[in-house]
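This briefing covers the internal organisation of one protein chain. Its topics are the enclosed space, the nonpolar cores and the disulfide.

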Amino acid sequence: MLRTRSRWIAAPLAAAALSLCYAGYQAGAAEPADSGKAAAGASAPCLADATTLLGDLDGDGIQDRISNPGHDGTKMTVEWGKKDGTFGEKVAVKDLLGTKKGEEATAAVADFDNDGTLDLVVNIVEPSGGDDPSTARLAEYRPGPLNRADLSSPDATHSDIGDMGEVQGLSVARYNDDAYPDLAVLNNAGDGVTDRDVRLSKPDGGLAGFDREQNNKYGETGTWAEPPAMPTDGWASFYKGCS
């Protein structure tokens, strides 16, 4: 496991959607790439507040509500949008993914390929509880639209995030100032070490695998007691506040 020691400097985001400071920050969020093709009738993803994203997950042209308390993907929920503008019952992502007893599910949602439909990165692992990290039972990048029943995607591909350590958190990030969201991965690397690894998005869609040079530049190493900071402003870097 590569262990880097560069320092992440997080830009904290104000949580109140009505705050003028928050609104000003949102005004500077990146616009979708010109090559993106939004789903028919779908509004662009937007932030209802610092931890709540509205966007089309299932490709029906109606915004769904995704909540991500703590910004780390461990307690994410989905409320499916309805034609009348309301939302259905809140459902935990871990339940939709079929997480088994003793397992932990971690997820990140963003329009990683900028086509107007939200995508999902998911990792499911049974924590080892010790110095030898477990590898993931399931680790995938799932381009939208997603199936409402289980968040599956016919275009899902394996992600190496589950091969490089025991994933403890996933966060959307902006590392190289392009129009595509990136991913931060918090890992139990074993021997009391916790890493923050990175996966950069690819202009042609999806996320790249582990890259030593980029990880040296953006990653960080810490301990179980003092893990590396994870980004909390990833969504705000790409999506404006909902009007």
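**Cavity, cores and disulfide**

The lining of the largest cavity is made up of seven nonpolar residues, five polar residues and one charged residue. The model examined here is predicted. Besides this cavity, the points below treat a nonpolar core of 37 residues, a second core of eight residues and a disulfide between Cys 46 and Cys 242.

**Enclosed space**

- The count of cavities of 30 Å³ or more comes to one.
- The volume of the largest cavity is about 80 Å³.
- Its lining comprises 13 residues, and those nearest the centre are Asn 68, His 71, Ser 171, Val 172 and Trp 235.
- Elements that each supply at least two residues of this lining are β6, β10 and α4.

**Nonpolar cores**

- The largest nonpolar core contains 37 residues, and within it Val 109 and Val 121 have the most contacts.
- At least two residues of this core come from each of the helices α2 (93–96) and α4 (234–238), and likewise from each of the strands β6 (104–110), β7 (119–125), β8 (138–142), β10 (166–173) and β11 (182–190).
- Strand β6 supplies the largest share of the core, namely five residues.
- When neighbours within four places in sequence are left aside, Val 121 is in contact with Thr 106, Ala 107, Ala 108, Phe 112, Glu 140, Tyr 141, Ile 161, Leu 170, Leu 183 and Leu 207.
- A second core, separate from the one above, has eight residues, among them Ala 173, Tyr 175, Leu 186 and Tyr 218.

**Disulfide**

- The structure has one disulfide by the distance rule.
- This disulfide joins Cys 46 and Cys 242, whose sulfur atoms are 2.0 Å apart.
- Cys 46 belongs to strand β1 (residues 46–49) and Cys 242 to the segment after α4, so the pair ties together parts that lie 196 residues apart in sequence.
- The torsion about the S-S bond of Cys 46 and Cys 242 is about 95°, and the disulfide is therefore right-handed.
- Cys 46 counts as buried because its relative accessibility is 11%, which falls under the 20% cut-off.
- Cys 242 has a relative accessibility of 29% and therefore counts as partly exposed.

How values were computed: Residues are numbered from 1 along each chain as its sequence is written. This is a predicted model: local features need pLDDT of at least 70, side-chain atom pairs count only at pLDDT 80 or more; totals for chains, interfaces and linings use all residues. Side-chain values use heavy atoms; hydrogens and water are left out. A nonpolar core is a set of buried Ala, Val, Leu, Ile, Met, Phe, Trp, Tyr and Cys residues joined through side-chain atoms within 4.5 Å. Buried means under 20% relative accessible area, exposed over 50%, partly exposed in between (1.4 Å probe, protein chains only). Helices (H or I, at least four residues) and strands (E, at least two) are DSSP runs, numbered from the N terminus. Contact means heavy atoms within 4.5 Å. A disulfide is a pair of cysteine sulfur atoms within 2.5 Å. On a 1 Å grid over the protein atoms alone, a cavity is a set of points where a 1.4 Å probe fits but cannot get out, and a pocket is an open set with protein on both sides within 12 Å along at least five of seven lines; lining residues have an atom within 4 Å of a point. Grid points are joined across faces, edges and corners, and a volume is the space filled by probe spheres set on the points. Ala, Val, Leu, Ile, Met, Phe, Trp, Tyr, Cys and Pro count as nonpolar, Asp, Glu, Lys and Arg as charged, and the others, Gly among them, as polar.
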